[in-house]
Each structure stands twice: as C-alpha cells, then as structure tokens.
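Student: I should like to learn how the strands and helices of a model are read. Could we work through one case together?

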Amino acid sequence: MVDTVIITGATSGIGLALTKNYIEKGTKVYAIGRNYDKFLFVVKEWCQARGWESLCEWIYSDFSVQNPLVNIDFTKFPKVDGFINCAGVLPIAPLKLETEEEIHIATNINFLSPILFTRSLLKYNCIHKGGSIVFLGSINGTKVGSKGHTIYSATKGGITGFMMSLANELSSLGIRVNVISPGTVETPMAKKVESLIGTKGMKNYLDQYPLGAGTPQSLIPLINLLIDKKSASWITGQNFIVDGGYTVN
C-alpha cells in the first residue's frame, strides 16, 4: 500500500481526480499549489464532509514564478512514497504571437519548477528508497507536434528527457521515474482548446481518436501502478503513451 504521496496540480483536472482517488484509498496526500481558496473549496471541504480531513494537507508553492520553493522548508518536509507532478499550463498560439512573459510562465510551470521541486525532494531525502516519481507529459513534444503548441511541446519534451536521465541516476536508490504522456483528456485544458477552435473544430479533432477523448479516470490506474512498489518495481525510465489510439491512427 502507498501511504503518502505528493501531488502538484491537485485542485484541477487529472491532479484533482488523482488526489480524491488516493484519499479514498486511505493514502495521505500533500497537495502542492498556489491557490489555497481553490484547495479549500474542491479538496478540503470534500474531505471534511467524509471525515477524511487528516488525509490531505496543503503546501504552498507557486510554480509560475522564478523561485517557486522560497516558502518551503524542506528540512521539515514529510517523507513520502511517491511524487506525481500534474501541474501544467497549455499556451496555444503561433510562436510569433507568444509573449516573452507567456513563454517564461509556461516554461516555469511545465518544466523548470518540477525539476527544482524534484531536486529539493532528493537533496533532503524526502522520497523513501524504493519510491516512485511520475511526471505528466504529453503526446505533444514526444510523438506529435500540434500547431500552436510550440512552447507546450518544448516543455513536455524536455520533462521526458529529464525523466530518462533521472531514472538512471536514481536507480541505485531504487527510486523509479516515469512519464505518462496523454492525448486529449476531458479537463479544463481541453475546454480551453475547444474555446479556441470551436465546437465543430473540436469534434473534428476528437474524431481522430479511435477510442474518443480520455477522462482523468483513464489515467489513474496506470499512475497507481507506477507509484506502487509491488506492482512496478522493475519499471523505470519509460514514457507511457496513453491517447486512445490517436498516434497510431
């Protein structure tokens, strides 16, 4: 059984579904984020209503800024079995229209902050030997390159490369590192895409998915497997494509 996990992006989309899934199983979740009011509304109150308040704890960190860890004392940070990075943003625009600020924010959230956070967890021995790290990547940047996704693809491709070397580096500790790269999943990010390309455009795009769009629940079993030491003790350094058949269609 997994006793404790850290989840970034725990208040929305895949991260929120995963947070509730772990809490329902009795696993304590340390939720990393910048919006406590949102955490209070979508996670803490949900836990309180079920008598599970002790299973979720908030830790502030703003992954959009240059120094995201300034408020965290890692010498007092809990030791955990797994770290799952679900935090992410999806900037969509032709590269020539992306502002420098938008590029920096997307790079910070999707790439630099997860690396800095992981480095601190390792530096202060916050992950048990035999533990697991899972990053959410994307088919963009690893298998495809959609129009208007240049910055997003760059950050997601970068985190996949980071994962491969880190998996090798941490093998002596038995800490496994993997990436799950989904296609389109029904989350607020997908709604953003639809708002840009329209309902008809979104339907045409989703028609290219043999199994249709995914849901956050589509990814949870694989994440659970990769975090669990018994189930995935020999799995590391892998990028798992989970896209309803899009990339083979």
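Student: Which residue in β3 is the bridge partner of Gly 33?

Tutor: Strands of a sheet pair through backbone hydrogen bonds, either parallel or antiparallel. In this predicted model, Tyr 60 in β3 is the bridge partner of Gly 33. The strands β2 and β3 run parallel and are joined by 5 bridges; two strands pair if DSSP finds at least two bridges between them. From β2 the chain crosses through α2 to β3, a right-handed β-α-β crossover. Right-handed here means that, with the strands pointing away from the viewer, the path from the first strand over the helix to the second runs clockwise. The element names follow DSSP runs numbered from the N terminus: helices are H or I of at least four residues, and strands are E of at least two.

Student: On what basis are residues numbered and values accepted?

Tutor: Residues are numbered from 1 along each chain as its sequence is written, and side-chain values use heavy atoms, with hydrogens and water left out. As the model is predicted, local features need pLDDT of at least 70 and side-chain atom pairs count only at pLDDT 80 or more, whereas totals for chains, interfaces and linings use all residues.

Student: What is the order of the strands in the sheet?

Tutor: The sheet is open, has 7 strands with parallel pairing, and follows the order β3-β2-β1-β4-β5-β6-β7. Its edge strands, each pairing on one side only, are β3 (56-60) and β7 (239-242). From one strand to the next the twist averages 20°; angles run from 0 to 180 degrees between N-to-C directions, and axes are lines fitted to C-alpha atoms, for helices over the stretch in contact.

Student: How many bridges join strand β1 to strand β2?

Tutor: Strand β1 (residues 4-8) runs parallel to strand β2 (residues 28-33), and 5 bridges join them. Thr 8 of this pairing stands opposite Ile 32 in β2.

Student: Which helices lie on these strands?

Tutor: Helix α2 (residues 36-50) lies across β2 and β3 and runs at about 170° to β3. Helix α3 packs on the sheet as well, touching β1, β2, β4 (80-85) and β5 (127-136), and its direction makes about 175° with that of β5. Contact means heavy atoms within 4.5 Å.

Student: How is the packing of one helix on another to be read?

Tutor: Two packed helices are described by the angle between their axes and the distance between the axes. Helix α3 (residues 100-123) and helix α4 (residues 150-169) pack at about 15°, their axes 8 Å apart. The two are therefore roughly parallel; angles under 35 degrees count as roughly parallel, over 145 as roughly antiparallel, 65 to 115 as roughly perpendicular and the rest as oblique. The crossing of α3 past α4 is right-handed: a crossing is left-handed if the near helix is turned anticlockwise from the far one by less than a right angle, and right-handed if clockwise.

Student: Where does α1 fit among the helices?

Tutor: With helix α6 (residues 216-227), α1 packs at an angle of about 60°, and the axes are 10 Å apart. That makes α1 oblique to α6, and α1 passes α6 in a right-handed crossing. By class, this contact of α1 with α6 has 9 nonpolar, 4 polar and no charged residues; Ala, Val, Leu, Ile, Met, Phe, Trp, Tyr, Cys and Pro count as nonpolar, Asp, Glu, Lys and Arg as charged, and the others, Gly among them, as polar. Against α2, α1 packs at about 20° with axes 11 Å apart, and therefore α1 and α2 are roughly parallel to each other. Their crossing is right-handed. The contact of α1 with α2 divides into 6 nonpolar, 1 polar and 2 charged residues.

Student: Where is Gly 9 found?

Tutor: Gly 9 is in the loop between β1 and α1 (13-24). The C-alpha atoms of Gly 9 and Cys 86 are separated by 4.9 Å, although these residues are 77 residues apart along the chain.

Student: What is the phi of Asn 125?

Tutor: Most residues other than glycine have a negative phi, and most peptide bonds are trans. Asn 125 has a positive phi, near 55°, and is found in the loop between α3 and β5.
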